[in-house]
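Subject: Handover of the structure and notes on it

Dear colleague,

I am passing on the structure below, and my notes on it follow. Please read them with the structure open beside you.

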Amino acid sequence: MLAFLIRRALAAVPVIAVVTVFVFALLHLAPGDPAAIIAGDLATAEDIANIRAKLGLDRPLLVQFFTWVVQLLHGDLGKSIFSAHPVTQLIGQRLEPTLSLTLTTLVISIVIAVPLGVVAAWRAGSWIDRGVMGFAVFGFSVPGFVIGYVLIWLFAIELDWLPVQGYTPLAKGFLPWLANIILPSATLACAYMALIARITRAATLETLSQDYIRTAQAKGLATRDVLMGHALRNAAVPIVTVIGIGVALLIGGVVVTESVFAIPGLGRLTVDAILRRDYPVIQGIILVFSGAYVLVNLIVDLLYTVLDPRIRY
Amino acid sequence: MDIIQRRRFAVVRAACAFAALLAVSAAAHAQSVLRLVPQSDLKILDTVQTTNNITSNHGYMIYDTLFALDSKFVPKPQMVDTYAKSADGLTWSFKLRPGLKFHDGQPVTSKDVVASVLRFAKRIPAGVTMMQFTKEIVATGPDTFEIRLAKPFGLVLETLAGPENPLFITREADATGDPNTAITTAVGSGPFIFVRDEWVPGSKVVYRRNPDYKPRADAPDGFAGGKLAKVDRVEWLVIPDANTAVQALIKGEVDIIEIPQTDLLPLIRKDPNISVKVIDRVGTQAIYRMNHLIPPFNNAKARQALLYATGDQKDYLASMIGYGEYERPCWAVFVCGTPFETQAGVGDWAKGDKRANIEKAKQLLKEAGYKGEKVVILDPVEAHLAHAQAVVTAQKLREIGMAVDLQAIDWGTQSARRQIKDPPDKNPGAWNIFHTWGGGLAMNSPLSNTPTPSACDGKNWFGWPCDEELEKIRLEFPLAAPDKQKEIVERLQKRFYEVVPYIPAGQFLTPIAYRKSLSGILDTPRLVLWNIEKK
Amino acid sequence: MATDATATATAAAALPASRTRTRLGAFVRRHPTVAIGGTLLVAIVLASIAAPWLGTVDPIAIEPSHRLQDPSAEHWFGTDRFGRDLYSRVIYGGRVSMIVGSSVAGLATLIGLAIGLVSGYVRAVDVVVMRIMDGMMAIPAIMLAIALIALSKASVLIVIIAVTLPEIPRVVRLVRSVVLTIREQPYIEAATAIGTSVPRVMLRHLLPNALPALIVQATYIGASAVLIEAALSFLGAGTPPEVPSWGNVMAEARPYFQLKPAMVLLPGLFLAVTVLAINLVGDGLRDMLDPRLARRM
């Protein structure tokens with residue numbers, strides 16, 4: 001197991017390197033000019049050229065790349081072209097909100113969706129099943145911002161229970177933190193629950209049809225024991241996979257939710273940086289993201305072996 | 001304790017047993033906090049390096065200016081105590097007010113001022129023009145300095161008091177050096193102090209009251225007069241979603257939205273606790289610019305055809321604003337509602353007879369020899385205003401029989417691509433039309449209006465119009481006595497509509513929305529936060 | 001019903017009318033979900049193909065003086081911020097949305113399935129492939145799309161590529177997880193032992209096991225592709241917003257949601273019905289393909 005972990009960790013290094021080179025090339029080949037954005041709309045070409053030269057953006061691409069790599073090897077991700085904040089600080093500021101949002105969403109989704117999926121599979125074809133499925137379809141089809149707006153309107157304005165927007169760090173107390181994070185998490189969870197519930201239902205249904213389950217039932221095991229003891233256990237692998245995929249999705253794909261609730265998270269930082277062509281920030285984020293993906297997937301793979309001892313590495 | 005906190009706490013208290021604990025933390029918040037949703041994120045701190053409005057708004061918070069416009073747009077001394085002009089009008093001498101101090105505790109000296117003026121004059125158009133008339137700017141004592149002109153220049157005070165990209169006074173240590181190397185400090189002598197530790201780029205900017213600020217004794221009047229910070233703390237909260245910003249205002253989580261999206265005003269107006277008010281009575285002018293170097297708009301007739309094609313500004317204004325009382329169709333190049341508003345040179349396209357306009361445009365296109373070339377219109381879709389303009393222009397050009405290629409891109413791509421001069425066969429990024437807008441206070445003078453200069457050196461603003469005659473008239477302006485300026489502007493505008501360097505697409509006002517717990521908001525063309533009190 | 005007949009037209013074409021009706025009736029009775037879902041799907045596809053003849057007007061023609069109107073006899077769904085006819089935009093929008101949704105779902109699933117099967121079954125390949133997949137997942141679709149579009153030009157094809165690429169690894173991981181579980185089952189070992197070829201093992205034994213989760217995943221990818229396309233359009237990286245798609249019609253209506261909810265909900269309804277239809281067909285197909293499940297239902 002330890003050997004596996006080390007092997008995987010080492011394997012991650014070239015992956016991250018390749019992603020970084022790819023992203024660097026892609027970004028710099030695409031038009032878009034941070035100097036022009038800095039200079040402002042009414043600046044002249046000369047102003048822009050001067051700023052570009054100052055930023056070192058007029059140097060050959062390879063030179064820029066190696067400068068960045070050398071910096072990186074010294075543990076320095078560089079500074080934002082715009083705010084001049086160190087990239088590590090920018091990412092650090094955004095980490096807690098995004099992690100809060102992701103983990104809360106995950107908890108809400110799993111706690112609600114897995115049981116729903118199992119029950120739907122158990123009562124396949126019944127009204128419960130149809131209800132879960134209808135909810136799932138709804139969850140996929142409604143854009144996140146609609147759910148967000150409705151929740152804001154209901155819970156923040158009409159009922160006046162929760163704040164509209166913003167983020168309170170956990171350090172300022174659990175309840176203020178929760179008050180800010182609950183609506184965005186619920187918004188994100190809607191789409192995500194839909195996916196988990198459906199996958200759980202499909203996987204459980206599949207396992208329920210296996211011969212050994214039918215044997216178990218034939219031997220007179222109670223339905224609940226069959227569901228919990230055998231079916232869910234075997235369905236767990238695809239479910240865990242999807243949850244793993246979802247974590248990755250959540251880290252990168254929360255931009256809309258973060259915008260709607262004005263949460264200063266990584267998704268928003270990424271899109272802002274892309275739209276501004278803030279190269280050091282984008283590169284830093286990609287580096288952190290690819291590390292996170294590798295880590296999440298490693299955990300998922302480890303869970304496989306725990307959940308299903310037949311899987312070996 | 002403000003209303004939101006009180007409400008939020010009330011809920012929490014009802015819901016749980018931690019009330020006592022929270023009450024303690026609430027007591028620490030007894031200071032007054034003004035929360036503002038700014039027009040965009042504060043990306044850059046240096047007010048000389050960028051011409052973006054949000055950065056000069058930041059400048060108004062922390063820096064002070066030598067002169068400032070009052071509510072009648074007359075320059076009044078601000079940091080300057082007394083000033084005098086020599087008999088020949090060539091030497092201007094100034095003395096600073098006593099007691100001016102930077103946030104680091106150091107006094108403001110004439111050396112700081114001279115360095116700031118020189119840096120400003122290397123970059124901001126009004127300053128660049130003034131330098132063309134200036135021999136030298138020198139510190140003559142610890143608190144006195146002189147501007148020595150080489151030839152007469154009538155706009156010295158106007159330049160020092162320019163409101164759109166103002167001349168802010170920074171420390172000499174920050175201001176020396178290249179104007180293109182960004183100042184990343186934020187130490188001014190203004191009424192608020194930038195709290196760097198709490199700055200979260202993209203999300204939050206925090207200022208606190210400057211307890212050492214010595215305001216002028218006279219009452220605030222426009223940007224002039226005493227600048228007294230009346231709240232302890234200001235927070236700019238970037239809320240990227242327009243709808244959420246409005247809900248936050250209704251809930252009382254924020255106090256002001258600088259530019260609420262006009263389509264959401266019906267929601268705001270329903271709330272009796274919120275006021276909607278226009279403080280900038282000049283407004284903003286939308287324009288679009290053609291590439292004068294490549295066909296079809298390298299031909300003046302084709303550009304005139306555009307005047308007829310898009311002669312009805314109502315469609316632009318409706319799509320951008322959609323709120324009649326804030327829309328102002330206007331063909332005055334130097335902006336309506338200012339002394340330089342004139343109808344000179346405005347043709348029959350402005351009458352808005354759609355059928356006649358289309359006919360005339362088609363005829364002009366034929367005379368221009370338009371051969372059906374694709375017209376590339378840049379459409380920065382995430383920019384609400386520019387996107388609206390681009391979609392309208394596309395339709396109008398189709399109506400007169402032009403082949404339109406409306407290219408959906410982002411603002412960053414537009415900023416880069418509009419620098420491309422080449423035709424499409426040399427560069428796939430070639431463009432014909434892009435859209436933008438300018439604040440009325442920058443567009444209203446031949447000196448500060450960026451898109452008008454038309455010298456044929458190809459160094460003028462993107463689109464590169466070339467007409468030496470237009471440029472000659474424009475350069476008469478700074479030399480002229482004030483009573484001759486209007487006449488020059490009329491001749492300038494007449495020539496403008498013959499050669500058409502760009503096309504005005506309508507003028508509009510942007511109201512602010514604020515909770516009625518605020519009072520003392522000044523009628524300045526840009527929202528400034530001194531003098532505002534919060535109940 | 002006419003559309004029903006179309007749904008099974010190919011199967012029924014060669015048969016006499018009376019027998020057709022009986023066969024059709026039997027099919028509907030046996031697979032009601034497929035019948036209902038298929039009917040809905042075909043109806044929506046036909047509607048978007050036949051858009052010009054369904055009372056629509058030019059979906060990109062603007063009329064700013066008639067902007068943001070409520071539904072009326074002239075504008076059935078009202079008008080948007082440019083005064084464009086929303087009904088026409090929604091009906092035409094089906095074209096782009098369906099092309100994007102189905103292409104992304106199809107491509108991502110097929111490519112992901114192939115890679116996942118091989119990666120899960122052949123250990124030597126697994127390590128390398130999965131690391132590449134990790135890398136691919138780390139690149140956000142939005143960034144990929146902005147870069148690709150900036151390199152060439154905004155188009156439906158680029159959106160499809162940009163949305164598909166990050167989806168592939170997700171499918172791969174899902175398929176692989178199923179294969180890993182099944183690989184060690186006695187019957188697979190038996191099959192290998194008696195000399196069944198590797199491709200055959202995959203097709204016969206592994207594929208059917210991966211299918212249920214995969215079909216769910218594919219419908220999800222299809223639906224989310226439509227919504228991701230909307231987000232991309234909003235950032236200037238999607239299909240040009242002038243060309244309507246359900247996603248960008250909803251995205252453009254975003255500020256007006258509270259004032260005119262129908263502007264968002266109507267295209268959303270079309271999307272929801274389509275997703276529902278795809279799910280029904282997907283579930284039905286799985287039952288048809290996998291008799292073990294059908295017996296339980």
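Between chains A and C, 55 residues of chain A are in contact with 47 residues of chain C, and I should say at once that the model is a predicted one. On the side of chain A that touches chain C, at least two residues each come from helix H1 (2-29), helix H6 (127-141), helix H7 (144-158), helix H8 (174-208), helix H10 (223-252), helix H12 (266-276) and helix H13 (279-307) of chain A. Sorted by class, that side of chain A holds 42 nonpolar, nine polar and four charged residues.

Chain C also meets chain B, where 23 residues of chain C are in contact with 23 residues of chain B. Here the elements that give two or more residues to the side of chain C are helix H7 (141-151) and helix H10 (198-234) of chain C, and the class count for that side is 15 nonpolar, four polar and four charged residues.

Turning to chain A by itself, the chain has 13 helices and zero strands. Buried residues make up 53% of its 313 residues, and of the contacts in chain A with a separation of 6 or more, 72% are accounted for by residues 24 or more positions apart.

The largest nonpolar core has 338 residues, and those with the most contacts inside it are A:Ile196, A:Ile285, B:Leu249, C:Ala145 and C:Val175. The largest share of this core, 19 residues, comes from H10(C), a helix that also gives two or more residues to the side of chain C touching chain B. If neighbours within four places in sequence are left aside, A:Ile196 is in contact with A:Ser109, A:Ile110, A:Ala113, A:Val114, A:Gly117, A:Ile239, A:Val242 and A:Ile243.

B:Leu249, another of the core residues named above, is among the buried residues of H8(B). This helix, H8 (residues 242-251) of chain B, is mostly covered, with nine of its ten residues buried; besides B:Leu249, the buried residues include B:Asn243, B:Gln247 and B:Lys251. Just after H8(B), B:Gly252 takes a positive phi of about 90 degrees.

Within chain C, helix H5 (residues 86-121) and helix H6 (residues 123-137) pack with their axes 6 Å apart and at an angle of about 135 degrees, which makes H5(C) oblique to H6(C). The contact is made by C:Ile115, C:Val118 and C:Ser119 of H5(C) together with C:Val125, C:Asp126, C:Val129 and C:Met130 of H6(C), and by class it has five nonpolar, one polar and one charged residues.

Chain B contains an open sheet of seven strands with mixed pairing, in the order E8-E9-E10-E1-E11-E19-E12. Its edge strands are strand E8 (192-194) and strand E12 (274-277) of chain B, each of which pairs on one side only. At the E8 edge, E8(B) and strand E9 (residues 204-209) of chain B pair in the antiparallel sense over three bridges, and B:Ile193 stands opposite B:Arg208 in E9(B). Helix H3 (residues 53-62) of chain B packs on the sheet, touching E8 and E9 of chain B, and its direction makes about 120 degrees with that of E8(B).

Two further residues of chain B may be worth a look. B:Ile147 lies in strand E7 (residues 144-149) of chain B, and B:Ile147 counts as buried because 24 C-beta neighbours fall inside 10 Å, where the cut-off for a buried residue is 20 or more. Apart from neighbours within four places in sequence, B:Ile147 is in contact with B:Trp92, B:Thr134, B:Ile137 and B:Val156. The C-alpha atoms of B:Ile147 and B:Ser93 are separated by 6.5 Å, although these residues are 54 residues apart along the chain.

B:Val128, by contrast, lies in helix H5 (residues 125-132) of chain B and is partly exposed, since 15 other C-beta atoms lie within 10 Å. The C-alpha atoms of B:Val128 and B:Trp411, which are 283 residues apart along the chain, are separated by 28 Å.

With best wishes

Key:
Residues numbered from 1 in each chain as written. Chains lettered and ligands numbered in written order. Predicted model: local features only at pLDDT ≥ 70, side-chain atom pairs only at ≥ 80, totals over all residues. Contact = placed C-beta atoms within 7 Å. Helix = DSSP H or I, 4+ residues; strand = E, 2+ residues; numbered from the N terminus. Nonpolar A, V, L, I, M, F, W, Y, C, P; charged D, E, K, R; others polar. Buried ≥ 20, exposed ≤ 12 C-beta atoms within 10 Å, placed from the backbone. Pairing = 2+ DSSP bridges. Axes fitted to C-alpha atoms, helices over the stretch in contact; angles between N-to-C directions. Parallel < 35°, antiparallel > 145°, perpendicular 65-115°, else oblique. Core = buried A, V, L, I, M, F, W, Y, C linked by C-beta atoms within 7 Å.
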